[in-house]
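Dear colleague,

I am handing over the structure we spoke about, and below it you will find my notes on the ligand and its surroundings. Please read them with the structure open beside you.

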Amino acid sequence: MRIIDQIYINGEFTTPHGTELADLVNPTTGQLAGQVRLGDVEDARRAIAAAKAAFPSFSRSSIAQRGMYLQRLHDAVLARAGEAAAALMEEYGGPYAGSIGRSQYTAKMFLDVKQVMEAHAFSKTVGKSKVVLEPVGVVGIITPWNSSAWFVANKLATAIAAGCTLVVKPSELSAWQTQILAECLHQAGLPAGVFNIVNGRGDVVGAELSAHPDINKISFTGSTLVGKTIARTAVDTMKRVTLELGGKSANLLLDDADFEKAVPMAIQACYMNNGQACIAGSRLLVPASRLEQVRQLAIAAAEAVVVGDPRDPGVSLGPMVTRKQWERVQHYIRTGIEEGAELLTGGSGRPAGLEQGWFVKPTVFAGVTPEMTIAREEIFGPVLSILAYDTEEQAIAMANDTPYGLQAYVSSTDLARANRVAAQLVAGRVHINGVHDDLIAPFGGFKQSGIGREFGPYGLDSYLEPKAILGEAAQYA
Ligand code: NAD
């Protein structure tokens with residue numbers, strides 16, 4: 001049994017004032033793996049006070065100093081990337097290759113942010129005035145469980161690059177990832193109080209961060225429902241908010257796409273991270289004239305997916321994070337059938353031989369229409385909905401017919417056409433012919449997928465406030 005009973009405040013590990021214990025269940029076995037002791041409102045307030053006290057000095061640190069800190073953070077996080085990957089696999093069933101890759105990326109994030117910071121114009125002339133970009137203040141960081149350490153690292157690195165101090169409230173389901181990351185961050189030797197980490201419940205520690213007057217900005221990644229609650233609370237003290245929320249991303253196959261490649265890619269884009277990805281391409285839009293071919297290819301690709309213990313490199317689909325999430329996915333599969341979608345493969349229940357953990361059958365529905373629940377709501381599991389269209393205009397309208405706007409995918413052998421279509425999709429990122437990585441380009445959503453952007457210069461700007469100095473200032477720039 002792993003017992004995690006420390007939080008990190010003002011440069012040291014400390015026992016929380018809160019006494020509530022939360023169970024940590026391994027989703028692969030369904031068995032209890034440990035317990036985490038949760039912080040409470042008093043812990044949150046102590047952490048906020050530490051971050052507030054550290055702000056005046058840290059906000060005046062030089063770019064060179066912060067660059068040195070980011071380098072040290074990178075080195076410390078990279079040194080334990082293997083252990084961090086094991087924690088992802090155990091804690092939420094993150095598949096082997098993705099967990100290794102994401103843990104390496106978690107470290108790399110610090111160097112990417114360092115580079116962006118070094119190239120950023122923190123002072124410039126606009127009109128006749130000097131404009132300086134100042135750190136926004138004390139930041140509250142709230143993250144989900146689907147790769148918590150990675151989200152924390154990105155937000156923390158960017159806040160530090162801006163000269164902000166911060167308090168992190170990670171998902172209560174990610175205590176082991178958090179512990180490893182906190183030990184690495186401690187190793188890097190930043191001034192006490194610059195970052196603080198408080199395990200705790202969302203409606204306790206998260207709510208306190210959202211309401212506390214000494215928090216100047218919230219950076220949140222999680223569900224649209226919770227994001228709205230945070231934004232409502234945050235407005236009372238006019239906090240800046242960056243919200244990275246849910247999605248129902250369209251994957252649009254144009255009629256000239258290479259279907260033999262694009263359909264297996266669509267299965268991957270939907271099932272990535274066990275289907276528990278905000279960016280999952282969960283709606284596959286295909287020309288009605290090619291529907292039969294798509295059905296055959298999708299069945300073959302979904303049935304080739306190996307489900308099982310995520311520590312096995314041959315497995316690409318692990319379990320759902322919790323029983324609750326498993327039940328939620330089962331509910332959507334049943335709803336798809338009840339509303340008349342055609343189940344091509346998969347369906348309700350567990351895959352044969354995997355009766356212990358929270359495993360779901362790789363599922364594909366065809367005959368899905370835009371008003372069906374499975375075409376509209378974020379499922380967060382390996383369930384692909386195939387919708388047929390007649391014309392390109394109709395396909396674009398269907399892709400945009402969603403309250404979300406996080407990502408979209410387009411496949412075509414005609415790149416000019418793919419780009420024309422991409423220009424008409426209402427999404428923060430559009431991937432052409434594949435699923436691509438870029439941790440410098442902006443990431444975030446249109447519509448109810450969020451507010452603001454992360455990564456690169458746009459992400460850094462969101463932790464900075466422009467201050468214009470008018471009159472005789474420009475000559476002192
Ligand atoms: P969640 O919204 O339930 O929880 C996210 C975090 O918010 C957790 O730390 C939780 O404790 C906290 N929280 C809960 N209630 C709160 C409250 N009242 N006040 C403050 N904080 C509170 O999300 P989840 O189940 O952990 O993650 C899955 C969701 O996250 C999905 O909707 C997914 O699309 C989204 N997500 C978005 C992105 C993105 O970058 N856009 C990335 C990953 C996940």
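How many residues surround the ligand, and which are the closest? In this predicted model, the ligand is surrounded by 27 residues, and the closest are Thr143, Lys169, Ser223, Leu245 and Glu378.

Ser223 also makes a polar contact, since an N or O atom in its side chain is 2.6 Å from an oxygen atom of the ligand. The side chain of Glu172 likewise has an N or O atom that is 2.8 Å from a ligand oxygen atom, whereas for Gly202 a backbone N or O atom lies 3.3 Å from a nitrogen atom of the ligand. Taken alone, the ligand exposes 850 Å², and the protein buries 87% of that area.

The ligand takes up the space of the largest pocket. Two or more residues of the shell around the ligand come from each of α7 (202-211), β11 (217-221) and α8 (224-234), and α7 gives the most, with three residues. Domain 1 (2-245 + 445-469) and domain 2 (250-432) each contribute at least three residues to this shell.

Sorted by class, the shell around the ligand consists of 14 nonpolar, nine polar and four charged residues.

With best wishes

Note on methods
Residues are numbered from 1 along each chain as its sequence is written. This is a predicted model: local features need pLDDT of at least 70, side-chain atom pairs count only at pLDDT 80 or more; totals for chains, interfaces and linings use all residues. Side-chain values use heavy atoms; hydrogens and water are left out. A residue is near a molecule or strand if one of its heavy atoms lies within 4 Å of it. A polar contact is a pair of N or O atoms within 3.5 Å; within protein, one must be able to donate a hydrogen and the other to accept it, and residues adjacent in sequence count only if both atoms are side-chain atoms. Accessible areas come from the Shrake-Rupley method with a 1.4 Å probe; for residues, only the protein chains shown count as cover. On a 1 Å grid over the protein atoms alone, a cavity is a set of points where a 1.4 Å probe fits but cannot get out, and a pocket is an open set with protein on both sides within 12 Å along at least five of seven lines; lining residues have an atom within 4 Å of a point. A molecule sits in a cavity or pocket if more than half of its atoms lie within 2 Å of its grid points. Helices (H or I, at least four residues) and strands (E, at least two) are DSSP runs, numbered from the N terminus. Ala, Val, Leu, Ile, Met, Phe, Trp, Tyr, Cys and Pro count as nonpolar, Asp, Glu, Lys and Arg as charged, and the others, Gly among them, as polar. Domain bounds come from an automatic or database domain assignment.
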